[in-house]
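User: Could you take a close look at one part of this model for me, the stretch right at the start of the chain, and then walk me outward from there through the rest?

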Amino acid sequence: MQKYNITLHIKREDMSGGLELGGNKVRKLEFLIADAIGRECTDVVTIGGEQSNHVRATAAACCIHNLKPHLILRTKKVNLSDEYTGNILLDRMLGANLYTCTPGEYGRIGSHALVERLCVQLRKQKNTRELTKKPYAIPVGGSNGLGTWGYINAVQELSEQLQKEEISIDHLVFATGSGGTAAGITLGTALKYSGTSKCPNLHAVGVCDNEDYFYRTIANISEEMGFIPPSIKSKATEDYIREHLTVHQGKGIGYAMSTAEELDFITSFAMETGIVLDPVYTGKALYHFATNVLTSGEEFENSTILFWHTGGTLGMFDKADELLPTLQQVAPVKKLDVYGKGDPETIEI
Ligand SMILES: *Cc1c(COP(=O)(O)O)cnc(C)c1O
């Protein structure tokens, strides 16, 4: 970043809510779990990838509020009973009921239908207090109209922090997956800054699908929140979103799959800043932004960028095997040679 004389600020959403709730999903769950409690639900059903941060945060939020979590994980693995890596370790320690489906089933049936089908089954069951279960369905990533209010709040929080620290930012960069974070940041920023000179340029880096998919998804979520494009009535919501946010491609070789370059970037970033990104969202987003977007235009020279670290660090454990060759280079391990035997792999003290 030195080459472009950029000042980089990072909002540490990875630290919000503690390890179990940490990351951006806690903001959506604040609203969703409140709704589940308000409707007197007993159980919560949600769905995500095998290492889903959303699913793990949902399980933790359920335990805090005495709701029973049911998590559907999309996985190629036949069986997850012996799995305990990263987020799955926490899902299981939190006592969640885990269910699996294949990527094919997920694609054919759709995440909403899978969640709904499980809800139908749960409604036929009674819980330990002999009450009929009342499940609450949360969509992928908690990205519906209600959950997204969490990010309207988040923009307000950020603007207060920036004002207090007297920081003015030119660009705001973040990862997008299920679209709720991007929708909330776009609408929140429009509410807060629209028409002022302080309005930062928004850059969402997609870690799956393609740019058009994200514009459409973000527009759909915005409409679910009741958004109507201001004044220019003839304009579609999607046009409004396209005007206020740029989506960049950052999926690399595929969702949750890492290249050696991405993992090297995450390791160097950790070494330079002490901040650990994640392989699925934040690491990819910042890597692709730095290598493809920053290099593409002069608009970034001498600018102030804020990167929204949306969490996910537990996902790093899933990449331990792929990381090992790099770790052996950047962090060699030597045995202390306390008896002065002079073995080549040791160090004398
Ligand atoms: C879910 C997630 C995102 C993306 O947020 P969406 O609202 O799903 O687009 C970004 N970073 C991390 C770490 C996440 O877990």
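Analyst: Asn5 is partly exposed, with a relative accessibility of 49%. Keep in mind that this is a predicted model. Asn5 sits in the segment before β1 (7–12), and its backbone is a bit unusual to look at: phi is positive, about 55°, although the residue is not a glycine.

Glu130 shows the same kind of thing, with a positive phi of about 65° and again no glycine. You'll find Glu130 in the loop between α6 and β5 (135–137). Its relative accessible area is 58%, so Glu130 counts as exposed.

Another loop residue to click on is Ala236, in the loop between α9 and α10 (237–244). Ala236 is partly exposed, at 40% relative accessible area. Its C-alpha is 27 Å from that of Ile138, and the two are 98 residues apart along the chain.

Now go inside. The largest nonpolar core has 57 residues, and those with the most contacts within it are Leu172, Phe174, Ile185, Leu245, Phe289, Leu294 and Trp308. Trp308 is a good one to zoom in on. Setting aside neighbours within four places in sequence, its contacts include Leu172, Phe174 and Ile185 from that list, and also Lys11 and Glu13. Tyr151, Ala154, Val155, Leu158 and Val173 touch Trp308 too. There is also another core, apart from the one around Trp308, with 15 residues, among them Cys41, Ala57, Cys62 and Leu67. As a general backdrop, nonpolar side chains in soluble globular proteins tend to be buried together.

With cysteines coming up, what about disulfides? Searching the whole structure turns up zero. Cys101 is in none, and the nearest cysteine sulfur, in Cys119, is 14 Å away. Cys101 is buried all the same, at 6% relative accessible area. For Cys119, the closest cysteine sulfur is that of Cys41, 8.9 Å away, which is too far for a bond because a disulfide needs the two sulfurs within 2.5 Å. Cys119 is also buried, with a relative accessibility of 0%.

Then there's the empty space. The largest pocket holds about 780 Å³. Its lining comes to 38 residues, and Val140, Gly177, Ser178, Gly179 and Tyr213 lie nearest the centre. Elements giving two or more residues to that lining are α2 (25–38), β2 (43–49), α3 (53–64), α6 (111–122), β6 (171–176), α8 (180–193) and α9 (211–224). Of these, α9 makes the largest contribution, with six residues. In terms of residue class, the lining has 21 polar, ten nonpolar and seven charged residues.

The second largest pocket comes in at about 560 Å³. It is lined by 22 residues, with Glu50, Arg74, Tyr255, Ala256 and Met257 closest to its centre. By class, that lining splits into nine polar, seven charged and six nonpolar residues.

If you want a route for your own viewing, start at Asn5 in the segment before β1, hop to Glu130 in its loop after α6, then drop into the core at Trp308. From there, finish at the largest pocket, with Tyr213 among the residues nearest its centre.

Technical notes
Residues numbered from 1 in each chain as written. Predicted model: local features only at pLDDT ≥ 70, side-chain atom pairs only at ≥ 80, totals over all residues. Heavy atoms only, no water. Buried < 20%, exposed > 50% of the residue type's maximum accessible area, 1.4 Å probe, protein only. 1 Å grid on protein atoms, 1.4 Å probe; cavity = no way out; pocket = protein on both sides within 12 Å on 5 of 7 lines; lining within 4 Å. Points joined across faces, edges and corners; volume = space filled by probe spheres on them. Helix = DSSP H or I, 4+ residues; strand = E, 2+ residues; numbered from the N terminus. Nonpolar A, V, L, I, M, F, W, Y, C, P; charged D, E, K, R; others polar. Core = buried A, V, L, I, M, F, W, Y, C linked by side-chain atoms within 4.5 Å. Contact = heavy atoms within 4.5 Å.
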